[in-house]
Amino acid sequence: MSTGAMERDTLVAVATGRPDGGVAIVRASGSRARAMLEAVAGPLPPPRRLVRRAIALGEGEVEDGLVVFMPGPRSFTGEDVVELHVHAGERNVAAVVRALLALGGRAAGPGELSRRAFELGRMTLDEAEGVAAVIGAKTEEALHQARRLAAGELGREVEAQRRALVELRAEIEANLDFPEDVDPGDVSRWREEAGERRAAVARWLSRFEAGRRARAKARVVLAGPPNAGKSSLFNALLGRARALVADQPGTTRDYVEAELELDRHGCVLVDTAGLRDGAEAVEQAGVELSRSQIEGADVVLWVEAADAEAADAGGLAQARGATVIRVETKRDRGLRREEWLGVALRPGEEPRGLEAVHEALRAWFSAGADEAWIGLSRHRDRAREALAAIDEACEHLIDDEQLELAAFGLGVAQARLGEITGRSAMGPVGEEVLASIFARFCIGK
Ligand SMILES: Nc1nc2c(ncn2[C@@H]2O[C@H](COP(=O)(O)OP(=O)(O)O)[C@@H](O)[C@H]2O)c(=O)[nH]1
Ligand SMILES: [Mg+2]
């Protein structure tokens, strides 16, 4: 559209999801938004007030809906925004969208509205990522962290460190013209200051894993020899009979998945075929699947029965970084592995020991949960780079001879931190990065 140089085209998007409910919201953002609203629904209502209007869709078609006008810059995008709340339903919504497009709008792509909000200074990049995370949250804890991110908690913390680096660098640079006049006491003070910034960033990084673990939907894989009671434990943990249980070994061949929620955490519980060698072809294929499940596990519940000899636990070698929780089943038949958790899940009897297994899983999730850093992996990567640059700067903060290099290192660190919020004049975020972040958003956001 060839409008004025500063003028952006007006985006039109359905803001509500699919499958739709009773109401759908069609949103328009841009310089033409208010004219669009006037054209379809008459005089502009007072700002931010939802009013009922007859919405003219062309060819005499009229929709009865609610409309709201949110003048920029106090709107989601920072531009004039209008919303039409109409009856949901694919055809009806499409008709409303068509009417707005006919008035000079352009259909928005994924994340385009959020991107405008970022470009017009309504949101920082980390906050926009927080909004996307709220929408994508699969567990309560993920939602909780996402809300904090969207509210700017991470950005403020990062910005405080970035500002401190800016000040430190400015102080050092003020001395660059006459480095020989620099007081050695100043150099060691600068070094100390840089060390504090370093420690703050290192602390974020050390808490990243705890944050990721707390919000992730972990894969908890039940594994062990055939007939150990894996499927029985799987069903008992879920509280329903999902997997087949039988007294002949080799019953479970494919792996079976089910969702399990523990407090604010979610996990995918996976029951697998018992590990043994020399089974016939189909079962052997199942054993191979088990091994790859163990490989992808966050937690392995390794199961052996109290009435069985120690099994070959070689399969556990596949459990890369996973935490292994050992459970002895059939405790009603004896006790062989005292230090393991124990359960008795005799068919038809009250299950015993389940709570301890749930508890062990909860403990895994909440390990360091109060310590959780809400940064996403993009934030972690930039923080790592900032840390390396501060380290480099520290190496040069030994005497008056390398101050320029030290200042340079601090500049790099400050730019990397600036990329987290996208607000730094020193570290412009590249188009590619922006495109990849906003492409993950949904249309209408
Ligand atoms: N007595 C007793 N039998 C159990 C227990 N857990 C499982 N079983 C029985 O052991 C057999 C194998 O159980 P299953 O869960 O299919 O084992 P899987 O092959 O490891 O999946 C079935 O007959 C179960 O009823 C238990 O705690 N006590
Ligand atoms: Mg089984």
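A polar contact is a pair of N or O atoms within 3.5 Å; within protein, one atom must be able to donate a hydrogen and the other to accept it. By that criterion the side chains of glutamate 283 and arginine 276 are joined, at 2.7 Å. The model you are looking at is predicted, and the points below walk through its ligand site, a covered helix, a hairpin, an open sheet and two individual residues.

**Around ligand 1**

- There are 17 residues around ligand 1, and those that come nearest are Asn227, Lys230, Ser232, Asp332 and Leu345.
- Serine 232 places a polar side-chain atom 2.6 Å from an oxygen atom of the ligand.
- Glycine 229 takes part through its backbone, where a polar atom is 2.9 Å from an oxygen atom of ligand 1.
- On the nitrogen side, a polar side-chain atom of arginine 333 is 3.4 Å from a nitrogen atom of ligand 1.
- On its own, ligand 1 has 580 Å² of accessible area, and the protein covers 93% of that.

**Helix H8**

- Helix H8 spans residues 230-238 and is mostly covered, with 7 of its 9 residues buried.
- Those buried residues are Lys230, Ser231, Leu233, Phe234, Asn235, Leu237 and Leu238.
- Their packing partners include strands S7 (217-223), S10 (299-305) and S11 (323-329), along with helix H10 (354-366).
- S8 and S9, the two strands of the hairpin described next, also pack against the buried residues of H8.
- Glycine 239, just after H8, takes a positive phi of about 80°.

**The S8-S9 hairpin**

- Strand S8 (residues 256-262) shows a clean alternation: Val256, Ala258, Leu260 and Leu262 point to one face and are buried.
- Glu257, Glu259 and Glu261 point to the other face of S8 and are not buried.
- In a regular strand, side chains alternate between the two faces of the sheet.
- S8 pairs with strand S9 (residues 265-271) in the antiparallel sense, over 7 bridges.
- Within this pairing, glutamate 261 has glycine 266 of S9 as its bridge partner.
- The hairpin has 2 residues between its strands, and aspartate 263 takes a positive phi near 55°.

**The six-stranded open sheet**

- An open sheet is formed by 6 strands in the order S3-S4-S5-S2-S1-S6, with mixed pairing.
- Strands S3 (51-58) and S6 (105-107) are its edges, each pairing on one side only.
- Ignoring direction, neighbouring strands of this sheet are turned by 35° against each other on average.
- At the S3 edge, S3 and strand S4 (residues 61-70) pair in the antiparallel sense over 7 bridges.
- Alanine 56 has valine 62 in S4 as its bridge partner.

**Two residues to look at**

- Aspartate 20 sits in the loop between strands S1 (10-14) and S2 (23-29).
- Is aspartate 20 buried or partly exposed? It is partly exposed, because its relative accessible area is 35%, while buried would require under 20%.
- Beyond neighbours within four places in sequence, aspartate 20 is in contact with Ala88, Gly89 and Glu90.
- Aspartate 20 and proline 71 are 51 residues apart along the chain, and their C-alpha atoms are separated by 27 Å.
- Glutamate 283 has its place in helix H9 (residues 281-295), and its relative accessibility of 4% means that it counts as buried.
- Leaving aside neighbours within four places in sequence, glutamate 283 is in contact with Gly250, Arg253 and Arg276; with Arg276 it also makes the side-chain polar contact of 2.7 Å.

Key: Residues are numbered from 1 along each chain as its sequence is written. Chains are lettered from A and ligands numbered from 1 in the order in which they are written. This is a predicted model: local features need pLDDT of at least 70, side-chain atom pairs count only at pLDDT 80 or more; totals for chains, interfaces and linings use all residues. Side-chain values use heavy atoms; hydrogens and water are left out. Buried means under 20% relative accessible area, exposed over 50%, partly exposed in between (1.4 Å probe, protein chains only). Helices (H or I, at least four residues) and strands (E, at least two) are DSSP runs, numbered from the N terminus. Two strands pair if DSSP finds at least two bridges between them. Axes are lines fitted to C-alpha atoms, for helices over the stretch in contact, and angles run from 0 to 180 degrees between N-to-C directions. A residue is near a molecule or strand if one of its heavy atoms lies within 4 Å of it. Accessible areas come from the Shrake-Rupley method with a 1.4 Å probe; for residues, only the protein chains shown count as cover. Contact means heavy atoms within 4.5 Å.
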